[in-house]
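User: Could you take a close look at a single residue in this model and then work outward to what else has been found in the fold? I'd like the reasoning spelled out wherever a cut-off decides the matter.

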Amino acid sequence: MHVHDLETTFQDKIDNEIRIEPKDWMPEKYRQTLIRQISQHAHSEIVGMLPEGNWISRAPSLRRKAILLAKVQDEAGHGLYLYSAAETLGISREEMYDQLHTGKAKYSSIFNYPTLTWADVGAIGWLVDGAAIMNQVPLCRTSYGPYARAMVRVCKEESFHQRQGFEALLHLSRGTEDQKKMCQDAIDRWWWPSVMMFGPSDDESPNTALSMKWRIKRFTNDELRQKFVDVCAEQVKILGMTLPDPDLKWNEEKGHYDFGKINWEEFWNVVSGNGPCNKQRLDTRKKAWENGAWVREAATAHAEKRKAKEAVQAA
């Protein structure tokens, strides 16, 4: 079949909401776009364990420790589902890890900010996971089958994480003056990085148009960002806290909240490796990979030994 016909058939499937599966023909650009997006998503889940893992041993109660431990464990699982989905596109997990460790592949810029207090763990749950859910729920209907199916479970667990984070902040917001200050301080520091999580504005985003045509994405960055701001502007009232944006106000005519100007210079600076914790996060991941080499070697040796034993028995 001619490439033009293949492309027409491919686009027809997408337009008719028929999922693309690993063995189906797909344009190389579609494959590469998915590899970039899914691996970036997987890396974000794995690197995202680090700022929170930092607080497991220091969480204020046994209940909070158990909740946080379960959450970090969930994130490891999300990374594994996503690496598996990306592998169906013909890239190996080792290659994806190498791209992360060498800085070739990115992960969400949000995870390059430090967690300074216990309240930060709540703010990550409410704001960071809240932004992630806005991005990820539409991905349950993305055009690539393995990615869409992986996202169903991820979204269920992420929505639980978001509720946990909000509940932790709610607890602090009803506590002592110091706890209230801690809660407000965490919201102040995490708000703008969370708003930036949706990526550059539509007119600055090189991949949005094609991703929308191929239904990898269902909404643009700016549409999702607006939805996120609208939700958080109402939820923050329940906490009795404020969002650090003097320009935030309800616009009756638009039916949305107006919000202030984003500091894109900071965003690109963090993306390009100059955030507060970029070096620390990557060094930790590289160290984990190197220190785990003996486990991978032992597992391979065991598998080969077992294979040889089975071969002897079969003979």
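Analyst: A residue counts as buried when its relative accessible area is under 20%, as exposed when it is over 50%, and as partly exposed in between. Please keep in mind that this is a predicted model.

Let's begin with Gln-184, which sits in helix H8, residues 177-196. Its relative accessible area is 17%, so Gln-184 falls under the 20% limit and counts as buried. What does Gln-184 touch, leaving aside residues up to four places away in sequence? The answer is Met-241 and Thr-242. With Thr-242 there is also a polar approach: a polar atom of the Gln-184 side chain lies 2.8 Å from the backbone oxygen of Thr-242.

Helix H8 brings us to a charged pair as well. Side chains of opposite charge can pair when their charged atoms come close. Here Arg-189 and Asp-120 form a salt bridge, with 2.7 Å between the closest N and O atoms. This pair joins distant parts of the chain, since Arg-189 belongs to helix H8 and Asp-120 to helix H6, 69 residues apart. The two partners fall into separate classes of exposure: Asp-120 is buried because its relative accessibility is 0%, whereas Arg-189, at 26%, is partly exposed.

That bridge is one of 20 salt bridges found in the whole structure. Another joins the side chains of Lys-13 and Asp-24, at 3.3 Å from N to O. Lys-13 is in helix H1 (residues 3-15) and Asp-24 in the loop between H1 and helix H2 (28-47), so this pair, 11 residues apart, also links distant parts of the chain. Both partners are partly exposed, Lys-13 at 25% and Asp-24 at 24%.

The bridge between Glu-234 and Lys-237 has its side chains meeting at 3.2 Å, N to O. Both residues lie in helix H10 (residues 221-239), three residues apart, which is about one turn of the helix. Glu-234 is partly exposed at 38%, while Lys-237 has a relative accessible area of 53% and so passes the 50% limit for exposed.

Some charged residues are joined in a network of salt bridges: Glu-52, Lys-71, Glu-75 and Asp-129. Lys-71 leads us to the enclosed space in the model, because Lys-71 is also among the lining residues of the largest cavity. One cavity of 30 Å³ or more is counted, and the largest cavity has a volume of about 100 Å³. Its lining includes Arg-64, Trp-118, His-161 and Gln-164. Helix H4 (62-87), helix H6 (118-136) and helix H7 (145-173) each give two or more residues to that lining. By class, the lining has five nonpolar, five polar and two charged residues.

Helix H4 turns up again at an open site, the second largest pocket, where H4 and helix H12 (278-291) each supply at least two lining residues. This pocket has a volume of about 160 Å³. Among its lining residues are Ile-46, Tyr-83, Tyr-97, Trp-289 and Arg-296. Its lining divides into eight nonpolar, no polar and two charged residues. Starting from buried Gln-184, we have come by way of H8 and its bridge to Asp-120 to the cavity and the pocket that H4 helps to line.

Note on methods
Residues are numbered from 1 along each chain as its sequence is written. This is a predicted model: local features need pLDDT of at least 70, side-chain atom pairs count only at pLDDT 80 or more; totals for chains, interfaces and linings use all residues. Side-chain values use heavy atoms; hydrogens and water are left out. Helices (H or I, at least four residues) and strands (E, at least two) are DSSP runs, numbered from the N terminus. Buried means under 20% relative accessible area, exposed over 50%, partly exposed in between (1.4 Å probe, protein chains only). A polar contact is a pair of N or O atoms within 3.5 Å; within protein, one must be able to donate a hydrogen and the other to accept it, and residues adjacent in sequence count only if both atoms are side-chain atoms. Contact means heavy atoms within 4.5 Å. On a 1 Å grid over the protein atoms alone, a cavity is a set of points where a 1.4 Å probe fits but cannot get out, and a pocket is an open set with protein on both sides within 12 Å along at least five of seven lines; lining residues have an atom within 4 Å of a point. Grid points are joined across faces, edges and corners, and a volume is the space filled by probe spheres set on the points. Ala, Val, Leu, Ile, Met, Phe, Trp, Tyr, Cys and Pro count as nonpolar, Asp, Glu, Lys and Arg as charged, and the others, Gly among them, as polar. A salt bridge is a side-chain nitrogen of Lys or Arg within 4 Å of a carboxyl oxygen of Asp or Glu.
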